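These are my notebook entries on one protein structure. I set down what I looked up, entry by entry.

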Amino acid sequence: MSYPGYPPQAGGYPPQPGFYPPQPGAYPPQPGAYPPQAGGYPPQPGGYPPQAGGYPPQAGGYPPQAGGFPPAGGAYPPAPPTGSWGGGPPGGYPSSSTGYPGMANQMPAGMGAYPNPSMQVPAGYPTPPHPSSYGAPSPNQQSYGLYPQPGGPMNPAQGPGMGFPGQPMPGYPQAPSPNAPMPGFGAAPAPTYPKVPSPNPSMPGYGGGAMPIVPPVNKGFRGTLKDYPGADPLRDVEVLRKAMKGFGTDEQAIIDLLGSRSNKQRVPLLKAYKTSYGKDLVKDLHSELSGDFRKLVMAMLKTPAEFDAYELNSAIKGAGTDEACLIEILSSRSNAEIKEIARIYKTEYKKSLEDHITGDTSGHFRRLLVSLAQGCRDEREHVDVSLAQQDAQALYAAGENKLGTDESKFNAILCARSKPHLRAVFMEYQRMCGRDIEKSISREMSGDLESGMLAVVKCIKNTPGYFAERLYKAMKGAGTKDRTLIRIMVSRSEVDLLDVRKEYVKNYGKSLYTHISGDTSGDYKKLLLKLCGGSD
């Protein structure tokens, strides 16, 4: 081997024919070469780890000084001065056909100019690693004993064959690269992992399948009554007082005022009226008004929780029970709303809501109502598809797939799971057994339990659609269920009545406004239409 500036000798660099690249049979190397054979580790003297003077370099070595490795393009590091460390004897070494002097008969077959590590290396060159040791250099790698190269420092930049992950090292032709690209770096594609169900069903599943499409949820305000700008309770109660004072009552003034104020603007009127006139507004209005119009006005002067508690008590007390009212309220309110209703109920009626429900209902229907009245439904928005599939299978196994019905399983899933999750469960159920969950409930249950479970499912599937159906049934046929009509119009006017109107006209081909106009009359109709907010 010669250095830059010296004419290359025969058999040196670049290699002559028959040397590098190796001829057939050279790679992989023969026994005793690299990779090391059994018994090679621990390394022999001169192997890896290197001895003193090797790597890591001693003081004064690394970081290397400028001008060293990697070499400038097309050049090799300059030769050290003759007679110095690593410089060899004056005049250099005579070249031979095998690279180093005296190597011609010591080379394994097919190894070309690559020296046999077991040979004696001329003085001045570091001892290469033993053939059976760990750390024998690759074709493009400097020996450990030569790092850093004498005569100059190393530049921190990487040289060829010392690249980043994904940059393969040059190897022998027709052989695997000794530094294969790492997955995810460079051009090597990242591996794909098999899809598995989520290990924790309470968390969103990754790779467990596509998330079912659930009906879009309208965000933002979807009610028909908004805060009236600049409303003043003292001026408002003055209008009401004037409407009731003297002979007769100005119902239109009452309709115009109450029909344009939000609930949080109407409720303070009770205290403002008593502060201004020392009288009870509810009692005065009750004495001045009558019929369904009076019921509607009274409902509008309660907070949502007070009105719901009043309606639940009315549904339970007396002869018979309005089971549909109980289910409607308990299945459509949030956990916080149900807990506030229960608190007010206990305060107003001196008995807990659960006690009243337990005393007035029975069987699995009672269990359903008690479960809903706890106000402990999961309210997280995420949907775990794997858990939805498990719940759909559990519902199928509890109903269609067995003799008899396990009502408690339906109760546990329908009352505890979140609404987005249950929508996914219903879609999985339909896909799995080819039948809608509502039809399965109708086939498996009867009576109040059937109607209660169906109401829960409908309310969860599409709340505005559920209330549109309730309004339609309240007005269709002979007579009108005014209590239901009043309750829904008042309770949904600041929640989602715009969506209810849209569902109503889509499902029944007639606007809610038109139906109310044809089914009610007088001041009652006027105030209901104020709440409705317009025709579609």
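**Entry 1: helix α18**

Which residues are buried in α18? I worked from a predicted model, and I found D482, T484, L485, I486, R487, I488, M489, V490, S491 and R492 to be buried there. Helix α18 spans residues 482–492, and 10 of its 11 residues are buried, so the rest of the structure largely encloses it.

**Entry 2: the chain as a whole**

I next looked up the overall make-up. The protein chain has 21 helices and 0 strands. It comprises 536 residues, of which 37% count as buried. The chain exposes about 29,000 Å², and carbon and sulfur atoms supply 56% of that area. I also looked up contacts between residues at least 6 apart in sequence: 68% of them join residues at least 24 apart.

**Entry 3: confidence**

I then asked how far the model may be read. The mean pLDDT of the protein chain is 75, and 59% of its residues reach 70 or more. Over residues 94–124 the pLDDT stays under 50, and the model has 49 contacts beyond four places in sequence for this stretch. The pLDDT is also below 50 over residues 127–175, a stretch with 101 contacts in the model beyond near neighbours in sequence. I note a general caution: where pLDDT is low, predicted coordinates should not be read in detail.

**Entry 4: the nonpolar core**

Which residues touch the most other members of the largest nonpolar core? I found L285, L296, V297, I327, F410, M489 and L512, in a core of 91 residues. Helix α16, residues 447–461, gives the most to this core, with 8 residues. In general, nonpolar side chains of soluble globular proteins tend to be buried together.

I followed two of these core residues further. Leaving aside residues up to four places away in sequence, V297 touches L258, L285, L289 and L527. M489 is also among the buried residues of α18.

**Entry 5: salt bridges**

How many salt bridges does the structure hold? I found 27, and I looked up three of them.

In the first, R380 pairs with D378, and their closest N and O atoms are 3.2 Å apart. R380 is partly exposed, with a relative accessible area of 42%. D378 is likewise partly exposed, at 24%.

In the second, R443 pairs with E400, with 3.0 Å between the closest N and O atoms. R443 lies in helix α15 (residues 437–444), while E400 lies in the loop between α12 (385–398) and α13 (407–416), so this pair ties together parts that are 43 residues apart in sequence. The two partners also differ in exposure: R443 counts as exposed at 53% relative accessibility, whereas E400 counts as buried at 17%.

In the third, the side chains of D496 and R492 meet at 2.9 Å, N to O. Are D496 and R492 buried or exposed? D496 counts as buried because its relative accessibility is 7%, which is under 20%. R492 counts as buried at 6%. I also noted a network: salt bridges that share partners join E311, E328, R470, R483 and R487. One of these residues, R487, is buried in α18.

**Entry 6: aromatic pairs**

I found 7 aromatic pairs in the structure. One of them is formed by Y472 and Y504, which meet edge-to-face, 6.2 Å centre to centre and with 65° between the planes. Why does this pair tie together parts that are apart in sequence? Y472 lies in helix α17 (residues 463–475) and Y504 in helix α19 (residues 497–508), so the pair joins parts 32 residues apart in sequence. Y472 counts as partly exposed, at 26% relative accessibility. Y504, at 0%, counts as buried. Ring pairs also link Y472, Y504 and Y508 into a cluster.

**Entry 7: H515**

My last entry concerns a histidine. H515 is found in helix α20, residues 512–519. H515 is buried, with a relative accessible area of 10%. What does H515 touch, not counting residues up to four places away in sequence? I found Y472, M475, Y504 and K510. Two of these, Y472 and Y504, form the edge-to-face pair of the previous entry.

Terms used
Residues are numbered from 1 along each chain as its sequence is written. This is a predicted model: local features need pLDDT of at least 70, side-chain atom pairs count only at pLDDT 80 or more; totals for chains, interfaces and linings use all residues. Side-chain values use heavy atoms; hydrogens and water are left out. A salt bridge is a side-chain nitrogen of Lys or Arg within 4 Å of a carboxyl oxygen of Asp or Glu. Buried means under 20% relative accessible area, exposed over 50%, partly exposed in between (1.4 Å probe, protein chains only). Helices (H or I, at least four residues) and strands (E, at least two) are DSSP runs, numbered from the N terminus. Contact means heavy atoms within 4.5 Å. A nonpolar core is a set of buried Ala, Val, Leu, Ile, Met, Phe, Trp, Tyr and Cys residues joined through side-chain atoms within 4.5 Å. Accessible areas come from the Shrake-Rupley method with a 1.4 Å probe; for residues, only the protein chains shown count as cover. pLDDT is the predictor's confidence in each residue, from 0 to 100. Rings of Phe, Tyr and Trp (its six-membered ring) pair if their centres lie within 6.5 Å; planes under 30 degrees apart count as stacked, over 60 as edge-to-face and the rest as tilted.
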